[in-house]
Amino acid sequence: MQTIFILVPNGITIRNFASTGVLDKLLLRSGLRLVVITALPEVFEQHPLRNERLFVERLPPRRSFSLANLLHAVLRRRFYRINENASLKIFLKGHLSGRYSDRLIETMLGLPFPRSNVIYQLLRGLDKRLVAVPPEVFELFRRFNPDLVVSTHPTSMTEYEVLKRARNLGVSSVGMVKSWDNMTTKGYMAVPPDYCMVWNEVMKREVTSLYDIETNNIGVTGAPQFDAYANLSGSPSKATFCQEMKLAPKKKTVLYATSAPRINRDDPEILRRLAAAMGERRDGSVQILARLHPLDSIERYAGVAHPNLVFHVPGD
């Protein structure tokens with residue numbers, strides 16, 4: 001029996017996999033076993049997916065400080081410098097590590113010659129030789145002996161140890177690039193996968209320009225996480241939706257989707273000005289539904305209020 005590890009570290013990805021039916025379709029193959037590895041197994045188990053060949057395992061927690069974190073903070077910064085574009089210039093204005101000590105060391109090790117590809121490749125080689133994999137990850141591979149590892153966050157460090165163990169064992173990996181801008185804003189992959197799935201041909205060209213991945217190993221799939229929205233049979237009626245969102249069904253509605261604070265600090269000011277513009281309309285026929293980014297916080301909008309402005313926090 002063949003075994004596939006599917007890495008789904010956070011709640012949004014869990015929803016995508018559990019609601020689109022992709023796991024059910026895979027399990028129709030009798031000779032296939034799926035092991036979902038997630039930091040939130042209790043969330044995944046809330047979905048009605050039951051099969052004796054489906055296992056849910058907890059993703060081993062990562063240490064807040066480790067040689068791998070430090071090394072890849074340096075590598076990520078050098079990768080951004082070597083492949084700099086307009087978007088990456090925004091990220092490079094700040095530090096990529098959270099702790100002050102990490103930021104200090106990261107800045108020091110980012111020099112000299114931050115755009116040197118030779119130094120970058122030497123550091124890549126150091127990662128392959130020195131960084132260890134925790135015993136919990138060894139145990140997962142010993143128990144299930146996977147034939148394939150599917151990464152849903154290849155540009156994040158959350159799956160690093162599992163992907164590194166797969167690479168060390170010669171187990172093939174597939175990376176799902178989950179958004180159209182990931183290669184231009186988060187293009188650094190700590191463990192580049194053997195295969196990639198991207199939305200379109202533009203993203204395919206971006207991957208090949210950054211990594212030694214053959215074009216035949218990159219599949220153009222569209223946006224898989226949006227498949228669930230193709231079937232509107234379970235969607236609520238407009239009246240029900242408006243009631244849940246506390247909207248007036250007879251008013252025109254403008255949807256404003258915010259960004260993460262690091263990407264757009266101006267969201268509160270934009271909404272404040274939109275609210276002021278609505279105040280100038282005496283008929284009150286327009287309302288705004290502001291849906292917060294998963295990494296955004298409602299506290300950012302403490303001073304933004306209007307009777308025709310409604311905030312929606314994902315998960316609430």
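Contact here means heavy atoms within 4.5 Å. Keep that in mind as you click around, and remember that this is a predicted model.

**Stop 1: Ser179**

Select Ser179, in the loop between strand 5 and helix 10 (182-185). Show its surroundings and look for Trp199 and Met203, which Ser179 touches once residues up to four places away in sequence are left out. Buried or exposed? With a relative accessibility of 19%, Ser179 counts as buried, because the cut-off for that label is under 20%.

**Stop 2: the cavity**

Keep Trp199 selected and add Met176, Val177, Lys178, Met197, Val198, Thr221, Gly222, Pro224 and Gln225. Together with Trp199, these residues line the largest cavity. Its volume is about 40 Å³, and the count of cavities of 30 Å³ or more comes to one. Colour the lining by class and you get six nonpolar, three polar and one charged residues.

**Stop 3: the main core**

Now go to the largest nonpolar core, which has 40 residues. Start with Phe5, Val149, Val162 and Tyr188, the ones with the most contacts inside this core. To see where the core comes from, colour the elements that each supply at least two of its residues:

- the strands: strand 1 (2-7), strand 2 (32-38) and strand 6 (195-198)
- the helices: helix 4 (67-82), helix 7 (117-130), helix 8 (135-144), helix 9 (160-169) and helix 11 (201-210)

Which of them gives the most? That would be helix 4, with six residues.

There is also a second, separate core of 16 residues, including Val8, Ile14, Leu34 and Val150.

Back in the main core, centre the view on Val149. Leaving out residues up to four places away in sequence, Val149 touches Phe5, Leu7, Phe141, Val162, Leu163, Ala166, Val171, Ser172, Ser173 and Val174.

**Stop 4: helix 9**

Val162, Leu163 and Ala166 lead you straight to the next selection, as they are among the buried residues of helix 9. The others on that list are Tyr160, Glu161, Lys164 and Arg165. Seven of the ten residues of this helix are buried, so helix 9 is largely enclosed by the rest of the structure. What do the buried residues pack against? Show strand 1, helix 4, helix 7, helix 8, strand 4 (148-151) and strand 5 (172-176), and you have the partners. Just after the helix, stop at Gly170, which takes a positive phi of about 80 degrees.

**Stop 5: rings and a pocket**

Select Phe79, Tyr80, Tyr120, Tyr188 and Tyr211 and show their rings: they form one aromatic cluster. The structure holds nine aromatic pairs. Tyr188 is one you have met already, as one of the residues with the most contacts inside the largest core.

From the cluster, move on to the second largest pocket, with a volume of about 560 Å³. It is lined by 22 residues, and Tyr120, Gln121, Arg124, Pro192 and Tyr211 are the closest to its centre. Helix 4, helix 7, helix 9 and helix 11 are the elements that give two or more residues to this lining. The largest share, six residues, comes from helix 7. By class, the lining has ten nonpolar, five polar and seven charged residues.

**Stop 6: two odd backbones**

Most residues other than glycine have a negative phi. Here are two to check against that.

Select Asn145, in the loop between helix 8 and strand 4. Although not a glycine, Asn145 has a positive phi of about 45 degrees. At 58% relative accessibility, it counts as exposed.

Then jump to Lys246, in the loop between helix 12 and strand 8 (252-257). Lys246 has a positive phi near 65 degrees, and at 71% relative accessibility this residue is exposed too.

**Stop 7: Phe241 and Pro314**

Step back into helix 12 (residues 238-245) and pick Phe241. Phe241 counts as partly exposed, at 35% relative accessibility. Beyond its neighbours within four places in sequence, Phe241 is in contact with Pro236, Leu247 and Leu289.

Finish at Pro314, in the segment after strand 10 (309-312). Pro314 is partly exposed, with a relative accessible area of 29%. Leaving out residues up to four places away in sequence, Pro314 touches Arg291 and Leu292. For a last distance, pick the C-alpha atoms of Pro314 and His293: they are separated by 7.6 Å, with the two residues 21 residues apart along the chain.

Key:
Residues are numbered from 1 along each chain as its sequence is written. This is a predicted model: local features need pLDDT of at least 70, side-chain atom pairs count only at pLDDT 80 or more; totals for chains, interfaces and linings use all residues. Side-chain values use heavy atoms; hydrogens and water are left out. A nonpolar core is a set of buried Ala, Val, Leu, Ile, Met, Phe, Trp, Tyr and Cys residues joined through side-chain atoms within 4.5 Å. Buried means under 20% relative accessible area, exposed over 50%, partly exposed in between (1.4 Å probe, protein chains only). Helices (H or I, at least four residues) and strands (E, at least two) are DSSP runs, numbered from the N terminus. Rings of Phe, Tyr and Trp (its six-membered ring) pair if their centres lie within 6.5 Å; planes under 30 degrees apart count as stacked, over 60 as edge-to-face and the rest as tilted. On a 1 Å grid over the protein atoms alone, a cavity is a set of points where a 1.4 Å probe fits but cannot get out, and a pocket is an open set with protein on both sides within 12 Å along at least five of seven lines; lining residues have an atom within 4 Å of a point. Grid points are joined across faces, edges and corners, and a volume is the space filled by probe spheres set on the points. Ala, Val, Leu, Ile, Met, Phe, Trp, Tyr, Cys and Pro count as nonpolar, Asp, Glu, Lys and Arg as charged, and the others, Gly among them, as polar.
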